[in-house]
Amino acid sequence: MTWPHHPTQATADVYLLFAHEPYYPGPAAQEVNTSVVPAASLLHPHIRQPDGTRIHALLTRGRRPGHIVPLATLTHELGGGAHWPAIGDWETVTTDLVRLIRSRSCDALSLCLPPLARALVCTGPYSQVRTHDPATGRSAVFGPAARREVLAAIGSRLLQAEAGVPLWPGDGLLAPAR
């Protein structure tokens, strides 16, 4: 299925950013609540298929190399999630991805995003996140510009983490959908 806003050409070196249930990778380790994986990890045989392959196709079409795409952006592109059933079960796929990451069957940039940053990447690209500080009574609104700043900071961390060696998507990958 090709969506009208995506050219049919797939792009390599695209990444999926998704939030998940927090876990601690080891003793005294910082909580991990968000992960970035190479799009090709969706082609891993231990990911629910054909869902992973379909999400990979959606994720890579018409993107620029190095683009980090939040799962919430895909949801926005899919009519606010109305078209997810035609693509696949994103919840099972992301659960499978966390299992791959934790078993070291693929590389990931594992992050502990603070609540505001996490909320911003979990909303659509044009959404707003409102905060309220009960101690001061002040409220604030954070929108697309704040989300872009969070994504830029994650992009910088990804560049540092890769240091010239791209994240490994895993072994035995399936062929991408055409």
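These questions and answers cover the fold and the salt bridges of a predicted model.

In this predicted model, local features need pLDDT of at least 70, side-chain atom pairs count only at pLDDT 80 or more, and totals for chains, interfaces and linings use all residues. Residues are numbered from 1 along each chain as its sequence is written, and side-chain values use heavy atoms, with hydrogens and water left out.

Q: In what pattern do the helices and strands of the protein follow along the sequence?
A: Helices (H or I, at least four residues) and strands (E, at least two) are DSSP runs, numbered from the N terminus. The protein has six helices and six strands. Read along the sequence, the pattern is β-β-α-β-α-α-α-β-α-β-β-α.

Q: What is the radius of gyration of the protein?
A: The radius is taken over C-alpha atoms, and the globule rule is 2.2 Å times the number of residues to the power 0.38. For 178 residues that rule gives 16 Å; the protein is close to it, so it is as compact as a globular protein of that length. Its radius of gyration is 16 Å.

Q: What share of the residues in the protein is buried?
A: Buried means under 20% relative accessible area, exposed over 50%, partly exposed in between (1.4 Å probe, protein chains only). The count runs over the 178 residues of the protein, and the buried share is 43%.

Q: Which residues are linked with Arg48 in a network of salt bridges?
A: A salt bridge is a side-chain nitrogen of Lys or Arg within 4 Å of a carboxyl oxygen of Asp or Glu. Arginine 48 meets aspartate 51 at 3.3 Å, N to O. Arginine 48 also pairs with aspartate 89, the closest N and O atoms being 3.9 Å apart. The network partners are Asp51 and Asp89.

Q: How many residues apart in sequence are the parts that aspartate 89 and arginine 48 tie together?
A: Aspartate 89 lies in the loop between α3 (84–87) and α4 (90–102). Arginine 48 lies in the loop between β2 (32–38) and α1 (51–60). The pair therefore ties together parts whose separation in sequence is 41 residues.

Q: Is aspartate 51 buried or exposed?
A: Its partner arginine 48 is partly exposed, at 39% relative accessibility. Aspartate 51 has a relative accessibility of 7%, so it counts as buried.

Q: Which residue forms a salt bridge with arginine 99?
A: Arginine 99 is exposed, with a relative accessible area of 52%. Its partner sits three residues apart in helix α4, so about one helical turn separates the two. The closest N and O atoms are 2.9 Å apart, and the partner is aspartate 96.
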